[in-house]
Amino acid sequence: MTTFMATGVAASASALPASAYPAAIDRDAVVVDIRTYAQRAVAGALPGALAIAADLVEARLDPASTGHLAVATDPRVQWVLVSDDGTLASMAVQALRALGVRNAVHVDGGFLALERLGLVAAGDSAVHVRREAAAISAH
């Protein structure tokens, strides 16, 4: 269990307004969808996002963790966490900051806010999505 899930860390981490989500993607931020599998199955995937279970966020994004993603060691990476309504992502960002990961924010209002604003598909324009699509179509 992650620190923020075990301790009930208060939700006061930095928020990215949902309306600023496309701009974050344009700046090559790495979007992490921490909604549950069931939530993604009902509401749909978040294009361009890494789907990481909430209980693995700290292990995957903290470069000091033995289970970190390779990209977590890049000090320039910007993390944008998305949960269903933003609450869990806010708590996860605060826990990451307690570990020293300062380059993480959460989408204020979460997936539901992105959906309300019609921004869920904004991740389709992410550089890594276009690069992977080009590589697949080249084969």
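In this predicted model, five strands come together in an open sheet, ordered 1-5-4-2-3, with parallel pairing. Strand 1 (15-17) and strand 3 (50-51) sit at the edges; each has a single partner strand, so one side of each has no neighbour in the sheet. Helix 5 packs on this sheet and touches strand 4 (79-82) and strand 5. The direction of helix 5 makes about 165° with that of strand 5.

Going through the pairings, strand 1 and strand 5 run parallel and are joined by three bridges. Ala 15 has His 106 of strand 5 as its bridge partner. Strand 4 is likewise parallel to strand 5, and three bridges link the two. Here Leu 81 is the residue whose bridge partner in strand 5 is His 106. So what lies between strand 4 and strand 5 along the chain, and which hand does the crossover have? The chain passes from strand 4 through helix 5 to strand 5, and this β-α-β crossover is right-handed.

On to strand 2 (residues 30-33), which pairs with strand 4 in the parallel sense over four bridges. Leu 81 turns up here again, standing in strand 4 opposite Val 32. Strand 2 also pairs with strand 3, again in the parallel sense, over two bridges. In that pairing, Asp 33 is placed opposite Ala 51 of strand 3. Strand 2 and strand 3 also belong, together with helix 3 (residues 37-43), to a right-handed β-α-β unit.

The side chains of strand 2 follow a familiar pattern. In a regular strand, side chains alternate between the two faces of the sheet. Val 30 and Val 32 point one way, while Val 31 and Asp 33 point the other way, and all are buried.

Just ahead of strand 2, the loop that follows helix 2 (21-26) holds Asp 28. What is the sign of phi at Asp 28? The value is positive, near 70°, in a residue other than glycine. Most residues other than glycine have a negative phi. Asp 28 counts as partly exposed because its relative accessibility is 45%, which falls between the 20% and 50% cut-offs.

Helix 5 deserves a look of its own. How far apart should its ends be, given twelve residues at 1.5 Å a residue? The expected span is 16 Å, and the end C-alpha atoms are 17 Å apart, which agrees. Plenty of residues in this helix are out of reach of solvent by the accessibility count: Ala 89, Ser 90, Met 91, Ala 92, Val 93, Ala 95 and Leu 96 are buried. After helix 5 comes Gly 100, which has a positive phi near 100°.

The loop leading from strand 4 into helix 5 contains Ser 83. Is Ser 83 buried or exposed? At a relative accessibility of 2%, Ser 83 counts as buried. The side chain of Ser 83 makes polar contacts with the backbone: one of its polar atoms lies 3.1 Å from the backbone nitrogen of Gly 86, and the side chain also reaches the backbone nitrogen of Ala 89 at 3.1 Å. Ser 83 also meets residues from elsewhere in the chain. Arg 35 is 48 residues away from it in sequence, yet the two C-alpha atoms are 4.9 Å apart in space. Beyond its neighbours within four places in sequence, Ser 83 contacts Ile 34, Arg 35, Leu 88, Ala 89, Gly 110 and Phe 111.

At the other end of helix 5 (87-98), the loop to strand 5 (104-108) includes Asn 103. Asn 103 has a relative accessible area of 17% and is therefore buried, the cut-off being under 20%. Which backbone atom does the side chain of Asn 103 reach? That atom is the backbone oxygen of Val 77, at 2.3 Å. Val 77 is also one of the residues that Asn 103 touches, along with Asp 74, Pro 75, Gln 78 and Trp 79, when residues up to four places away in sequence are not counted.

Key: Residues are numbered from 1 along each chain as its sequence is written. This is a predicted model: local features need pLDDT of at least 70, side-chain atom pairs count only at pLDDT 80 or more; totals for chains, interfaces and linings use all residues. Side-chain values use heavy atoms; hydrogens and water are left out. Buried means under 20% relative accessible area, exposed over 50%, partly exposed in between (1.4 Å probe, protein chains only). A polar contact is a pair of N or O atoms within 3.5 Å; within protein, one must be able to donate a hydrogen and the other to accept it, and residues adjacent in sequence count only if both atoms are side-chain atoms. Contact means heavy atoms within 4.5 Å. Two strands pair if DSSP finds at least two bridges between them. Axes are lines fitted to C-alpha atoms, for helices over the stretch in contact, and angles run from 0 to 180 degrees between N-to-C directions. A crossover is right-handed if, with the strands pointing away from the viewer, the path from the first strand over the helix to the second runs clockwise. The expected span of a helix is 1.5 Å times one less than its number of residues.
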